[in-house]
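Here is a short report on a protein and its DNA partner. Keep the sequence and the 3D view open as you read.

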Amino acid sequence: MPELPEVETIKRTLKERLTDLTIRGADILLPKIIQTPSPEEFCRLVVGKKILDVGRRGKYLLLSLSRGLVLVVHLRMTGQLVYTAPGAPRPKHTHLIFYLSNAHQLRYTDTRQFGRFWLVPAEKLQAVRGLKDLGVEPLSGEFTVDFLKKELKKRRTRLKPLLLNQTFISGLGNIYADEALHRAGLHPARQANTLTTAEAEALFRAIREVLEEGIASRGTSVRDYVDGTGQAGSFQEKLRVYGKSGQPCPRCGLAVARLRLGGRSTYFCPECQK
DNA sequence: AGTCAAACCTGGGCGC
DNA sequence: TGCGCCCAGGTTTGAC
């Protein structure tokens with residue numbers, strides 16, 4: 001479900017509401033979503049802790065708790081983390097409920113049950129699989145045209161799978177990768193080390209642009225995504241190619257095509273993307 | 001290094 | 001209505 005703009009929107013909505021609240025209790029309805037420690041230990045450790053901050057790294061949410069603990073959440077495809085008033089009906093597929101000091105709840109709902117939770121001391125964050133090896137944050141100052149040019153030159157893989165590789169750039173997923181490649185005018189199967197300087201610059205701008213616009217629209221709700229208050233985003237209205245095979249490319253009018261690359265559906269315009 | 005398929009799950013959409 | 005198939009904002013693992 002969520003890529004960088006969605007997780008960022010969730011982070012912002014939750015940070016505003018959860019900061020300074022204390023977790024009074026936790027109900028684990030589906031134990032397998034707790035990656036570490038054991039479900040019993042997880043409950044024991046989390047109860048009584050205050051939420052000091054809510055952050056994001058790539059597609060991971062990081063809730064900083066008192067006593068130096070960090071609650072790490074990855075929503076994978078259909079996970080939703082929603083701040084809810086008490087008494088609100090409990091949706092199907094609710095797997096975890098935190099009871100908060102203001103009587104509200106933080107509920108985790110996940111149809112496909114792929115999402116995972118970790119509760120670790122801040123100094124052991126590297127123990128969270130995937131987190132330690134994350135690549136550069138594309139909206140940070142570390143992500144520069146020079147960095148992108150240099151990295152592209154080193155790699156022989158195709159652009160689409162490369163953009164999905166979280167150890168390269170963290171936060172892009174299937175939607176924003178396709179949208180960035182369309183804006184850059186680059187074919188998703190282009191070999192990374194064949195890009196010209198101008199093409200690398202176009203890709204850099206396109207990645208930045210599409211993520212920033214995604215955040216400004218509060219994410220893409222093509223399916224299940226909602227923010228930390230249960231609200232949908234609106235970037236689905238601005239998509240140019242994702243999920244649009246057969247429909248006219250907004251730039252040239254020719255039909256958008258679909259391709260399978262790296263095991264993922266890939267949408268692109270055969271006319272505009274070379 | 002890169003590519004691919006399968007695995008983890010439930011549910012929606014479509015053709016018949 | 002129902003069955004069977006394909007599809008889905010992600011990641012990991014194991015094989016070639």
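## Sheets, helices and a DNA strand

A sugar or linking oxygen of DNA strand B lies 3.2 Å from an N or O atom in the side chain of T157. This is a predicted model.

What else surrounds the DNA? Around DNA strand B sit K32, K92, H93, T111, R112, Q113, F114, R156, T157 and R158. Take the atoms of DNA strand B within 4 Å of the protein: 69% belong to sugar or phosphate, and the rest belong to bases. The table lists three polar contacts.

| Protein part | Part of DNA strand B | Distance |
|---|---|---|
| T111, backbone N or O atom | sugar or linking oxygen | 3.3 Å |
| R112, polar side-chain atom | base oxygen | 2.8 Å |
| T157, side-chain N or O atom | sugar or linking oxygen | 3.2 Å |

So R112 reaches a base oxygen through its side chain, whereas T111 uses a backbone atom to reach a sugar or linking oxygen.

Now turn to the sheets. Strands of a sheet pair through backbone hydrogen bonds, either parallel or antiparallel.

One open sheet has four strands in the order 1-7-8-6, and its pairing is antiparallel. Strand 1 (23–28) and strand 6 (79–84) are at the edges with a single partner strand each, so one side of each has no neighbour in the sheet. From one strand to the next, the twist averages 15°. Strand 1 pairs with strand 7 (residues 94–100) in the antiparallel sense, over five bridges. Within this pair, A26 stands opposite F98 in strand 7. Helix 1 (residues 4–18) packs on this sheet and touches strand 6, strand 7 and strand 8 (105–110). The direction of helix 1 makes about 30° with that of strand 6. Helix 2 (residues 39–46) lies across strand 1 and strand 7. Helix 2 runs at about 165° to strand 1.

The other open sheet has five strands in the order 2-9-5-4-3, with mixed pairing. Strand 2 (34–36) and strand 3 are its edge strands, and each pairs on one side only. Here the twist averages 25° from one strand to the next. Strand 2 and strand 9 (residues 116–121) pair in the parallel sense over two bridges. T36 has W118 in strand 9 as its bridge partner. Helix 1 packs on this sheet too, touching strand 3 and strand 4. Its direction makes about 170° with that of strand 3. Helix 2 also packs here and touches strand 2, strand 4, strand 5 (69–74) and strand 9. The direction of helix 2 makes about 60° with that of strand 9.

How do strand 3 and strand 4 pair? Strand 3 (residues 51–57) and strand 4 (residues 60–65) are antiparallel, with six bridges. V54 stands opposite L63 in strand 4. The hairpin of these strands has two residues between them, and G58 takes a positive phi near 60°.

Is helix 1 largely enclosed or left open? In helix 1, 11 of the 15 residues are buried, so the rest of the structure largely encloses it. The buried residues include L4, V7, I10, L14 and L18. Charged-type names appear on the list as well, among them E6, E8 and K11. Helix 1 reaches 20 Å from its first C-alpha to its last, close to the 21 Å expected at 1.5 Å a residue. After helix 1 comes D20, with a positive phi near 80°.

Key:
Residues are numbered from 1 along each chain as its sequence is written. Chains are lettered from A and ligands numbered from 1 in the order in which they are written. This is a predicted model: local features need pLDDT of at least 70, side-chain atom pairs count only at pLDDT 80 or more; totals for chains, interfaces and linings use all residues. Side-chain values use heavy atoms; hydrogens and water are left out. Two strands pair if DSSP finds at least two bridges between them. Axes are lines fitted to C-alpha atoms, for helices over the stretch in contact, and angles run from 0 to 180 degrees between N-to-C directions. Contact means heavy atoms within 4.5 Å. The expected span of a helix is 1.5 Å times one less than its number of residues. Buried means under 20% relative accessible area, exposed over 50%, partly exposed in between (1.4 Å probe, protein chains only). A residue is near a molecule or strand if one of its heavy atoms lies within 4 Å of it. A polar contact is a pair of N or O atoms within 3.5 Å; within protein, one must be able to donate a hydrogen and the other to accept it, and residues adjacent in sequence count only if both atoms are side-chain atoms.
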